[in-house]
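Notebook open, coffee poured. I want to go from the whole chain down to a few single residues.

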Amino acid sequence: MYPRNVAITQDNIFIVSGNLHGEGKVQMMTPTGSFLGEFGSEGQFEYAYGLVVDKNGRIVVTDVHKHRVSIHLPDGRLIHQFGVFGNEDHHFNKPYNVAVNAKNNILVSDKHNQCVKIFDSRGTFIKKVGRDGTKDNNLVFPYGLCVDATDDIIVADSTPYPVKLFDCEGVFREYLIISDDPQQGPRSLCITPEGRLVVSERDKQVVRVYSLS
């Protein structure tokens, strides 16, 4: 399996999304790497990518090629899924990464719809971020996504301003990273307990850590 994303459950179980031979799956393992089980390998996923554990311990997974988000119990059993291909509010066009905020809302980076969409914990659309027509607020191809301790939204975009900060209501606040290097393509983001921003860059094959203070 080619791993794409990793998250840690409330029970300190490592969960990893990935793909092999056109089929996606999510695997579960101990912190030392012992295999515990997997789900989604029966055709449920085609390209499992984004992965997060919500406030209730549920596992939320994006499927880029099936253009949907699925919600699972900690043992992998499917609870609910939402999304189809398209450009309406409840549609997706390549949903990559996923995050949850303090309200347990689900945030999804919808790459080819050029926005981040926010849903409630059952998948009902609330609002979208990054499509209000202004340069600063607009997103081009959003990939990485995370929220900080105050529920501000951090997005990795494929523009000369590759990492942007929006407030919890989705209003642009500032550029966190600005670059004129076309190969600086951030793909995944996370915030450490100390408040540092960790950014993975696929093309540069590096991980960078930034202080936000």
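Before I look at any pairing, I note the rule: two strands pair if DSSP finds at least two bridges between them. By that rule I get E14 and strand E15 (residues 163-166) as an antiparallel pair, with four bridges. One caution for the whole page is that this is a predicted model.

**Entry 1: the chain as a whole**

I checked the secondary structure and found 19 strands and zero helices. Next I looked up the radius of gyration, which is 16 Å; a compact globule of 213 residues would have one near 17 Å, so the chain agrees with that. I also took the extents of the C-alpha trace along its principal axes, and they come to about 45 × 35 × 35 Å.

For burial, I find that 51% of the 213 residues count as buried. The exposed area is about 10300 Å², and carbon and sulfur atoms supply 49% of that. I looked at contacts too: among those between residues at least 6 apart in sequence, 34% join residues at least 24 apart. Last for this entry, charges: I have 23 positive and 26 negative ones, and their mean positions sit 3 Å apart.

**Entry 2: around E14**

Back to E14, this time on its other side. I see E13 running antiparallel to E14, with three bridges joining them. Val147 has Ile153 of E14 as its bridge partner. The two strands make a hairpin, and I count five residues between them. Towards E15, I find Val155 opposite Lys164.

Which way do the E14 side chains point? I have Ile153 and Val155 going one way and Ile154 and Ala156 the other, and all of them are buried.

**Entry 3: two odd phi values**

I went looking for backbone oddities. Most residues other than glycine have a negative phi. Asp151 goes against that with a phi near 70°. I place Asp151 in the loop between strand E13 (145-147) and strand E14 (153-156), which is the turn of the hairpin above. Is Asp151 buried or exposed? I get 13% relative accessibility, so Asp151 counts as buried, the cut-off being under 20%.

Lys94 is my other case, with a positive phi of about 70° although it is not a glycine. I find Lys94 in the loop between strand E8 (78-82) and strand E9 (95-100). Lys94 has a relative accessible area of 24%, so I log it as partly exposed.

**Entry 4: Pro95**

One step along from that loop I reach Pro95, which lies in strand E9. Its relative accessible area is 0%, so I note it as buried. What does Pro95 touch, leaving aside its neighbours within four places in sequence? I list Thr62, Asp63, Val64, His67, Arg68, Val108, Ser109 and Asp110. I also checked the C-alpha separation of Pro95 and Thr62: it is 6.3 Å, with their positions 33 residues apart along the chain.

**Entry 5: Ser70**

My last lookup is Ser70, in strand E7 (residues 68-72). At 2% relative accessibility, I have Ser70 as buried. Setting aside neighbours within four places in sequence, I find Ser70 in contact with eight-odd names worth keeping, including Gln44, Phe45, Ile59 and Val60. Also among them are Leu78, His80 and Gln81. Gln114 is 44 residues away from Ser70 along the chain, and I get 21 Å between their C-alpha atoms.

How values were computed. Residues are numbered from 1 along each chain as its sequence is written. This is a predicted model: local features need pLDDT of at least 70, side-chain atom pairs count only at pLDDT 80 or more; totals for chains, interfaces and linings use all residues. Side-chain values use heavy atoms; hydrogens and water are left out. The radius of gyration is taken over C-alpha atoms; the globule rule is 2.2 Å times the number of residues to the power 0.38. Buried means under 20% relative accessible area, exposed over 50%, partly exposed in between (1.4 Å probe, protein chains only). Contact means heavy atoms within 4.5 Å. Accessible areas come from the Shrake-Rupley method with a 1.4 Å probe; for residues, only the protein chains shown count as cover. Lys and Arg count as positive and Asp and Glu as negative; His and the chain ends are not counted. The place of a charge is taken as NZ of Lys, CZ of Arg, CG of Asp or CD of Glu.
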